[in-house]
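Grab a pencil and work through these exercises with the model open in front of you. Try each task yourself before you read the solution.

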Amino acid sequence: MSLENSEKQNTPIGIFDSGVGGLSVWREIRRILPHENTIYFADSANCPYGPQPTASIIAHSEKVVNFLLEKKCKLIVVACNTATSAAIKYLREKYPIQFVGMEPAIKPAALSTQTGKIGVLATEGTIKGQHFINTKEKFARGVEVLETIGTGLVELVESGEWNTEKGNKLVGSYVNPMIDFGADRIVLGCTHYPFLKELIAEIVGEKAKILNPAPAVAKRVHSVLKEQNILSRAYTKPSHEFYGSGSLESLKKLVSLLEIEPFSFPNKNGN
């Protein structure tokens, strides 16, 4: 093992999103890699990324990546579908560090559908992004895809008020047309949306399966760390730090619900 790899083993995994949604990915990473230290950054001041132009998303992502590199992260997870689509190619070309991004769960949905129809719930930036378009063209040929932009859902999760009558009505306005369309697979194309999974499940019942790509991303993180021989060798409790560019209230609320121990909010703003 090289000295460089030895030094990297106990440095943290960096994870970022436009807001709190990436915690759905963080949760899966922590589940399969319980000894790894992590640093999470919620770019809430610039949330949501979905409607923004590509140049803005790249600029936001670059700023967060610089912060995570200052924190000596050994790998960075772009836990945002929109940022993956708009910025990950640029980030990989600019920085000498491994990036793991989000993959739309279109392939498993297309391969497993019984009705030949699937629904994709995502942000505008993801659905219009070339990465999503290429994935759909490659894996969903012969399958009908209903693409729905979940306007307001990111903000709903950020506010922490999805378990309300308003939240139920908004989610239903997007999911019910998918069921009427005949979709038996619903792809969650935004990392915020897994926090709405129970609400979606109540609406669809047994009519459709809900696909969350976060577990597959966590497995990819494990695979990359193993390939590079930089998995943590520590047997002490890992540390988890959380930063944000805006208000940390939603982040603190969700972190507390995830029962993370130990964790810290070193300061209000990371950048």
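**Exercise 1. A pair in one helix**

In which helix do lysine 89 and glutamate 93 lie, and how many residues apart are they?

*Solution.* Keep in mind that this is a predicted model.
Step 1: Find the two residues. Both lysine 89 and glutamate 93 sit in helix 4, which covers residues 81–94.
Step 2: Look at the spacing. They are four residues apart, about one turn of the helix.
Step 3: Check the side chains. Lysine 89 and glutamate 93 form a salt bridge, with the closest N and O atoms 2.7 Å apart.
Step 4: See where the pair sits. Lysine 89 is exposed, and glutamate 93 is exposed too.

**Exercise 2. Two more salt bridges**

Find the salt bridge between glutamate 124 and lysine 128, and say how far apart N and O are. Then decide: are arginine 185 and aspartate 184 buried or exposed?

*Solution.*
Step 1: Start with the total. The structure holds eight salt bridges.
Step 2: Take glutamate 124 and lysine 128. Their side chains meet in a salt bridge at 2.8 Å, N to O.
Step 3: Place them in the helix. Glutamate 124 and lysine 128 are four residues apart in helix 6 (residues 124–128), so about one helical turn separates them.
Step 4: Compare each value with the cut-offs. Exposed means over 50% relative accessible area, and partly exposed lies between 20% and that value. Lysine 128 has 56% relative accessibility, so lysine 128 counts as exposed. Glutamate 124 has 29%, so glutamate 124 is partly exposed.
Step 5: Turn to arginine 185 and aspartate 184. Their side chains also meet in a salt bridge, at 3.5 Å from N to O, and both residues are buried.

**Exercise 3. How helix 3 meets helix 4**

At what angle do helix 3 and helix 4 pack, and how far apart are their axes?

*Solution.*
Step 1: Recall what to look for. Two packed helices are described by the angle between their axes and the distance between the axes.
Step 2: Read off both values. Helix 3 and helix 4 pack at about 60 degrees, with their axes 9 Å apart.
Step 3: Name the arrangement. Angles from 65 to 115 degrees count as roughly perpendicular and those under 35 as roughly parallel, and helix 3 and helix 4 are therefore oblique to each other.
Step 4: Add the handedness. The crossing of helix 3 and helix 4 is right-handed.
Step 5: List the contact. From helix 3 come Thr54, Ile57, Ile58, Ser61, Glu62 and Val65, which meet Thr82, Ala83, Ala86, Ala87, Tyr90, Leu91 and Lys94 of helix 4.
Step 6: Sort them. The contact residues of helix 3 and helix 4 split into eight nonpolar, three polar and two charged.

**Exercise 4. Helix 9, helix 10 and one valine**

Which residues of helix 9 meet helix 10? Then find out what valine 175 touches.

*Solution.*
Step 1: Get the geometry. Helix 9 (residues 165–181) packs against helix 10 (residues 197–204) at about 50 degrees, with axes 10 Å apart. That makes helix 9 oblique to helix 10, and their crossing is right-handed.
Step 2: List the contact. Helix 9 brings Gly167, Asn168, Val171, Gly172, Val175, Asn176 and Ile179, while helix 10 brings Leu199, Ile200, Ile203 and Val204.
Step 3: Sort them. The contact between helix 9 and helix 10 has seven nonpolar, four polar and no charged residues.
Step 4: Zoom in on valine 175. With a relative accessible area of 1%, valine 175 is buried. Leaving out residues up to four places away in sequence, valine 175 touches Ile186, Ile200, Ile203 and Val204.
Step 5: Pick one partner. Valine 175 and isoleucine 200 are 25 residues apart along the chain, and their C-alpha atoms are separated by 7.1 Å.

**Exercise 5. Backbone hunting in the loops**

Where are lysine 72 and proline 48 found?

*Solution.*
Step 1: Lysine 72 is in the loop between helix 3 and strand 3 (75–78). Its phi is near 65 degrees, a positive value in a residue other than glycine. With a relative accessible area of 58%, lysine 72 is exposed.
Step 2: Proline 48 is in the loop between strand 2 (38–42) and helix 3 (54–70). A cis peptide bond joins cysteine 47 to proline 48, with omega about 0 degrees.

Key:
Residues are numbered from 1 along each chain as its sequence is written. This is a predicted model: local features need pLDDT of at least 70, side-chain atom pairs count only at pLDDT 80 or more; totals for chains, interfaces and linings use all residues. Side-chain values use heavy atoms; hydrogens and water are left out. Axes are lines fitted to C-alpha atoms, for helices over the stretch in contact, and angles run from 0 to 180 degrees between N-to-C directions. Helices (H or I, at least four residues) and strands (E, at least two) are DSSP runs, numbered from the N terminus. Angles under 35 degrees count as roughly parallel, over 145 as roughly antiparallel, 65 to 115 as roughly perpendicular and the rest as oblique. A crossing is left-handed if the near helix is turned anticlockwise from the far one by less than a right angle, and right-handed if clockwise. Contact means heavy atoms within 4.5 Å. Ala, Val, Leu, Ile, Met, Phe, Trp, Tyr, Cys and Pro count as nonpolar, Asp, Glu, Lys and Arg as charged, and the others, Gly among them, as polar. A salt bridge is a side-chain nitrogen of Lys or Arg within 4 Å of a carboxyl oxygen of Asp or Glu. Buried means under 20% relative accessible area, exposed over 50%, partly exposed in between (1.4 Å probe, protein chains only).
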